[in-house]
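Good morning, colleagues. Please take a moment to look at the chain on the screen before I go through its architecture.

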Amino acid sequence: MGSRNICLHAIGDIKTEFLPDFKVIAETSSREEFVRAIRTLPIDVLVIDLDSDEAVKAVVKALSIKPHLAIVGVTGKNDPQFLIGAVRAGCKQLTTKPIEPNDLNIALRRAINETARTETQSLTVATIGAIGGAGTTTLACYLAAGLAAITSQRAAIIDVDLEFGNVARSWDLNPPHTIASIAALDALDTAVIERAAVDLRGGVHVIPRPDTIEEAHAIDSSSLAKIIENTKLVFPYVVLDLPRKLDAMTGCALQRADRLLIVLQLSVPSTNNAKRLITELCRLGLDFDKMEFVVNRSRKNVHNLTMETVEAELGKPILGVIPNDYKSIAKAIDLGEPVAAD
């Protein structure tokens, strides 16, 4: 099975010599430590004391950050309703106090195996710009290509900007099918998605926006939901390139996304817009822990804002920074070809 990384939350000492296939890389006690570890470390399995305060909420929070995390709950309780609640929250396995190393080892292995069976479900990432011209569509296209290349699995990108999306143009496509032609079908299933998604080299598949704005207006949120759900059944990775507006269609896509990447630039207007976006999305019920931030078109010694200032304003570390290379990116977009690595 190979060595797997463990995070222990609110757990006392464990005799790790009895766990030869596992390595403890984080031991947390506070909520802040716990969330930071789950978000930033390559953790495969979480072992959590279910008898600690708000433990079940912590399980839900961990899975909102890392949906395919294996979780083992430790408890001294024997209340069936409590144990059912823990399983429903997301615990794959349970073990009792005091912790017996052999029982924990078995629980860890079973939790990993059970999680592996569900990892075939799609990981869906949505992208949205905090400001116009942030390069969100370009980032979405490269994200899909990168996921396919790194994982050696297929990735799909759906252009959810139905009126003015530019995903197909970014790949220099003249597609025979669009999201409108898919939505117009009486019967929609995974076979339709397989046939209609444009197959590019490198494992990337594209579902473009409609050919006309009139066609875009004919698509409703229920049709979009069916397209996204069926695409998730076909492709291990799905990228949703969203328009820079909050409406029923964007909400439909966000409900089906595991992560939201908010793309911004190191400027005051961009940062302010990102904060407005966070406030509204949280008001609408989107978990803040599902949101990540990427700074695009960064240039050294040009911006008045620092990365630390932006992170303090947003309340979360920046996930990634992409340097500015306008000439190369503009040429790639015009030609419909990716930027080649030198």
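I shall move from the overall fold to the sheet, then to two further strands, and finally to one helix residue.

Please keep in mind throughout that this is a predicted model. The chain contains 14 helices and 13 strands. Its radius of gyration is 22 Å, close to the 20 Å expected from the globule rule for 342 residues, so the chain is as compact as a globular protein of that length. Along the principal axes, the C-alpha atoms occupy a box of roughly 65 × 55 × 40 Å.

As to the interior, 46% of the 342 residues count as buried. If we take contacts between residues at least 6 apart in sequence, 72% of them join residues at least 24 apart. The surface that the chain exposes amounts to about 17400 Å², and carbon and sulfur atoms supply 50% of that area. Regarding charge, there are 37 positive and 43 negative charges, and their mean positions lie 1 Å apart.

Let me turn to the sheet. In what order do the eight strands of the open sheet run? The order is E8-E9-E7-E10-E6-E11-E12-E13, with mixed pairing. Strand E8, residues 198-199, and strand E13, residues 320-323, are at the edges; each has a single partner strand, so one side of each lacks a neighbour in the sheet. In general terms, the strands of a sheet pair through backbone hydrogen bonds, in either a parallel or an antiparallel arrangement.

Starting from the E8 edge, E8 and E9 pair in the antiparallel sense over two bridges, and Asp199 stands opposite His205 in E9. The hairpin of these two strands has four residues between them, and there Gly202 adopts a positive phi near 85 degrees.

Strand E9 itself covers residues 204-207. Are its side chains buried or exposed? Val204 and Val206 point one way, His205 and Ile207 point the other way, and all are buried. On to the next neighbour: E7 and E9 pair in the parallel sense over four bridges, and Ile158 has Ile207 in E9 as its bridge partner.

Strand E7, residues 155-159, also pairs with strand E10, residues 237-241, in the parallel sense over five bridges. In that pairing, Asp159 stands opposite Asp241 in E10.

I come now to E4 and E5. Strand E4, residues 70-75, pairs with E5 in the parallel sense over four bridges, and Val72 stands opposite Gln93 in E5. How do the side chains of E5, residues 93-96, point? They alternate: Gln93 and Thr95 face one side and are buried, whereas Leu94 and Thr96 face the other and are not.

My last item is Ser221, which is located in helix H10, residues 221-234. Its relative accessible area is 30%; since buried requires under 20% and exposed over 50%, Ser221 is partly exposed. Which residues does Ser221 contact, leaving aside neighbours within four places in sequence? They are Ala248, Met249 and Cys252. As for Arg283, it is 62 residues from Ser221 in sequence, and the two C-alpha atoms are 20 Å apart in space.

To close, I would return to the sheet: its eight strands pair in a mixed manner, with E8 and E13 at the edges. Thank you for your attention.

Notes: Residues are numbered from 1 along each chain as its sequence is written. This is a predicted model: local features need pLDDT of at least 70, side-chain atom pairs count only at pLDDT 80 or more; totals for chains, interfaces and linings use all residues. Side-chain values use heavy atoms; hydrogens and water are left out. The radius of gyration is taken over C-alpha atoms; the globule rule is 2.2 Å times the number of residues to the power 0.38. Buried means under 20% relative accessible area, exposed over 50%, partly exposed in between (1.4 Å probe, protein chains only). Contact means heavy atoms within 4.5 Å. Accessible areas come from the Shrake-Rupley method with a 1.4 Å probe; for residues, only the protein chains shown count as cover. Lys and Arg count as positive and Asp and Glu as negative; His and the chain ends are not counted. The place of a charge is taken as NZ of Lys, CZ of Arg, CG of Asp or CD of Glu. Two strands pair if DSSP finds at least two bridges between them.
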